Amino acid sequence: MASSSGVGAGVQGVQASVAALDALDAISVLDREDAFLASGVAVGSGAALGSGVGVGPGVDVLQRRYEIRLERLELAARLEAQLAAMKARDAAEAIGFQQAMTPPDASVQDRTYAEMSVVEEIAGVLTISSAAAGALVEQSRTICSLPPVFQALATGAMSWQHARVIADETEGLDPAGAAALVAHFFDPDAPHPGRGAAPGELVPSRFRAKVRNWRERHHPETLQKRHAKGVADRRMEYTPDRDGMAWVSLYLPGDTACAIWNRTTATARGLQGPNEPRTITQLRPDIAASLLLGSASEPGKVPTPRADVLVTVPVFSLLGLTEEPAMLDGLGPIPASTARKLVADGADSFYRVLVDPRDGAPLEIGRKNYRLTETIKRWIRMRDGKCTFPGCTNRTPENETDHLKAWGCGGPTGAGNLAQLCPKHHRLKHHTQWTPDPATNNESPGWTSPTGRHYKPEHPHPEPTHWPQWLTPTEYQCLDARCANANARCVDASPEDLPLWEPDDDSLIDPDDLAPDDPLWAELLASPFALST
């Protein structure tokens with residue numbers, strides 16, 4: 001934890017930086033700047049204008065304005081670093097205070113959930129994800145436990161990015177190893193201090209390279225042992241991106257990753273020729289996708305995926321009357337042509353969700369086999385879009401359908417009392433005072449934190465679908481029984497006048513048609529949240 005003297009220095013540094021910015025702001029308004037620069041009057045020592053730069057009748061006003069902006073940027077960067085130090089201190093102390101409030105005889109599980117709750121509170125206060133808040137807490141603890149690093153950050157001598165480099169590169173080191181690394185870069189009186197530019201004078205990437213090089217050379221553990229630990233952390237990550245695209249990345253042993261890269265590159269070069277329009281950069285991901293999705297006989301040809309995915313398609317878009325994008329569960333908007341292809345070619349694994357053309361609300365979920373538990377889970381999954389806990393973005397099929405109000409406490413089994421929760425936040429709900437609001441058929445629950453902060457639901461907001469240009473509100477064919485002639489035109493109608501449309505299909509079901517005591521609800525809750533393929 002940072003010392004009180006370090007905290008005081010941090011506050012004083014912030015005050016000094018704010019005063020310097022105020023001094024520059026006082027002369028930065030354009031209607032005052034010309035008069036000031038022409039007067040030759042220097043500002044106080046708190047601002048960089050008093051650094052000896054001449055001002056007066058012969059000064060280049062535009063040049064001086066430019067210099068003032070650079071000085072303000074420099075001061076703003078220093079202030080950002082000082083504020084980051086205060087934020088790090090507060091995050092680390094919040095965890096410390098929570099630990100102090102936890103009873104000494106509390107179990108390891110209770111202590112773990114108490115800390116998880118604090119991390120979620122920090123995430124809510126800063127409006128960041130749980131993962132980002134957890135990383136902030138761990139980095140803050142590390143930085144505050146290394147006084148030279150915290151002091152450099154609190155005085156604005158280096159940025160938060162530089163401090164994160166130290167937090168990252170000291171991970172896995174024992175206290176003596178971390179102290180030696182910090183002394184090398186921050187203590188000029190160390191036995192073998194770092195040479196050249198100070199940490200804050202290097203761009204963060206260059207500083208990281210220097211720190212990592214020193215760490216690798218002086219690490220107390222052999223590379224073999226560290227590699228074994230790294231292998232245990234191997235993983236695959238999926239990140240949605242814009243324009244219907246996404247990233248898939250693998251964290252693997254270096255030799256395996258190199259072999260994958262070399263194989264896809266070699267295969268791509270083999271496919272290149274006068275009749276192959278794709279570049280090698282385009283061929284690599286196509287080859288990787290074909291190998292992963294089972295099309296090894298035709299490298300480079302990407303087959304239709306076969307996995308249980310919801311495709312929310314506007315009715316008119318599915319019929320080809322408009323090109324309004326569809327929504328692919330776990331990704332986001334995709335082109336209408338892609339959605340039609342998925343529904344047609346991936347019918348065994350892609351579940352069509354039709355939406356009402358009047359307001360974008362879901363109408364039904366299609367399926368090939370009648371199984372109530374899976375249908376209702378898909379309905380909850382479609383309504384919520386992700387784990388409903390504030391800030392959580394977990395969209396995986398492993399999310400669990402949970403009673404918002406426990407069954408044992410009188411909570412009913414219905415769509416209004418069910419919601420998606422990832423395993424982590426499902427456990428947190430049952431072990432802390434995080435409390436969900438009631439849900440509705442079409443709205444996810446909000447949440448209230450243990451300290452009383454309320455977070456509104458983050459469910460998707462459907463919008464009215466696009467109508468074909470030729471099908472105007474005054475020209476569409478009347479579907480209401482109010483029109484005696486089925487071929488009549490409703491000249492004074494609007495999309496809101498359409499009757500509620502439901503498909504004539506016995507294989508479809510509405511969760512509201514089930515009685516609360518229907519035994520199939522018990523089957524739903526007893527089965528894992530694993531979707532059929």
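A charge is said to sit over a ring if NZ of Lys or CZ of Arg is within 6 Å of the ring centre and within 35 degrees of the ring normal. With that in mind, select Arg-235 and Tyr-251: the charged end of Arg-235 sits over the ring of Tyr-251, 4.8 Å from its centre. The structure on display is a predicted model, and the tour continues from this pair.

**The hairpin of S1 and S2**

Next, select residues 235-240, which make up strand S1, and residues 246-251, which make up strand S2. The two strands pair in the antiparallel sense, over six bridges. Within this pairing, select Thr-239 and look across to S2, where Trp-247 stands opposite. Then move to the turn of the hairpin, where five residues lie between the strands. Among them, Asp-243 takes a positive phi near 60°.

**Helix H12**

Select residues 280-292, the 13 residues of helix H12. At 1.5 Å a residue, this helix should span 18 Å, and its end C-alpha atoms are indeed 18 Å apart, so the two values agree. Which residues of H12 are buried? They are Ile-280, Leu-283, Arg-284, Ile-287, Ala-289 and Ser-290. To see part of what covers them, add helix H11 (254-271) to the selection. After H12 comes Gly-294, with a positive phi near 85°.

**The aromatic cluster**

Four aromatic pairs are found in a search of the whole structure. Select Phe-389 and Trp-434 to view one of them: the ring centres are 4.8 Å apart and the planes stand at 55°, so the pair counts as tilted. Phe-389 belongs to the loop between helix H15 (372-384) and strand S8 (400-403), while Trp-434 belongs to the loop between helix H16 (423-431) and strand S10 (435-436). The pair therefore ties together parts that are 45 residues apart in sequence. Are these two residues buried or exposed? Phe-389 has a relative accessible area of 1% and is buried; Trp-434, at 3%, also counts as buried.

Keep Phe-389 selected and add Trp-447. Here the ring centres of Phe-389 and Trp-447 are 5.2 Å apart with planes at 55°, so this pair is tilted as well. It links distant parts of the chain, 58 residues apart, since Trp-447 lies in strand S11 (residues 447-448) and Phe-389 in the loop between H15 and S8. Both Phe-389 and Trp-447 are buried. Add Tyr-455 to complete the view: Phe-389, Trp-434, Trp-447 and Tyr-455 form one aromatic cluster.

**Salt bridges**

Side chains of opposite charge can pair when their charged atoms come close. In this model the count comes to 17 salt bridges, and several are visited below.

Begin with Arg-64 and Glu-67, whose closest N and O atoms are 2.5 Å apart in a salt bridge. Both residues are in helix H3 (residues 61-101); being three residues apart, they are separated by about one helical turn. Arg-64 counts as buried at 2% relative accessibility, whereas Glu-67 is partly exposed at 23%.

Now select Glu-115 and Arg-141, whose side chains meet in a salt bridge at 3.3 Å, N to O. This pair links distant parts of the chain, 26 residues apart: Glu-115 is in helix H4 (residues 108-126) and Arg-141 in helix H5 (residues 130-144). Glu-115 is partly exposed, with a relative accessible area of 25%, and Arg-141 is partly exposed with 26%.

Continue to Glu-216 and Arg-226. Their salt bridge has its closest N and O atoms 2.8 Å apart. Glu-216 lies in helix H9 (residues 204-218) and Arg-226 in helix H10 (residues 223-232), ten residues apart. Glu-216 is partly exposed, at 36% relative accessible area, while Arg-226 is buried, at 15%.

**The network around Arg-208**

For the last stop, select Asp-168, Glu-169, Arg-208 and Arg-212, which are linked in a network of salt bridges. Centre the view on Arg-208, which is placed in helix H9 and counts as partly exposed at 24% relative accessibility. Which residues does Arg-208 contact, leaving aside its neighbours within four places in sequence? They are Val-165, Asp-168 and Glu-169. Finally, add Ile-166: it is 42 residues from Arg-208 in sequence, and the two are 8.0 Å apart in space, C-alpha to C-alpha.

How values were computed
Residues are numbered from 1 along each chain as its sequence is written. This is a predicted model: local features need pLDDT of at least 70, side-chain atom pairs count only at pLDDT 80 or more; totals for chains, interfaces and linings use all residues. Side-chain values use heavy atoms; hydrogens and water are left out. Rings of Phe, Tyr and Trp (its six-membered ring) pair if their centres lie within 6.5 Å; planes under 30 degrees apart count as stacked, over 60 as edge-to-face and the rest as tilted. Helices (H or I, at least four residues) and strands (E, at least two) are DSSP runs, numbered from the N terminus. Buried means under 20% relative accessible area, exposed over 50%, partly exposed in between (1.4 Å probe, protein chains only). A salt bridge is a side-chain nitrogen of Lys or Arg within 4 Å of a carboxyl oxygen of Asp or Glu. The expected span of a helix is 1.5 Å times one less than its number of residues. Contact means heavy atoms within 4.5 Å. Two strands pair if DSSP finds at least two bridges between them.
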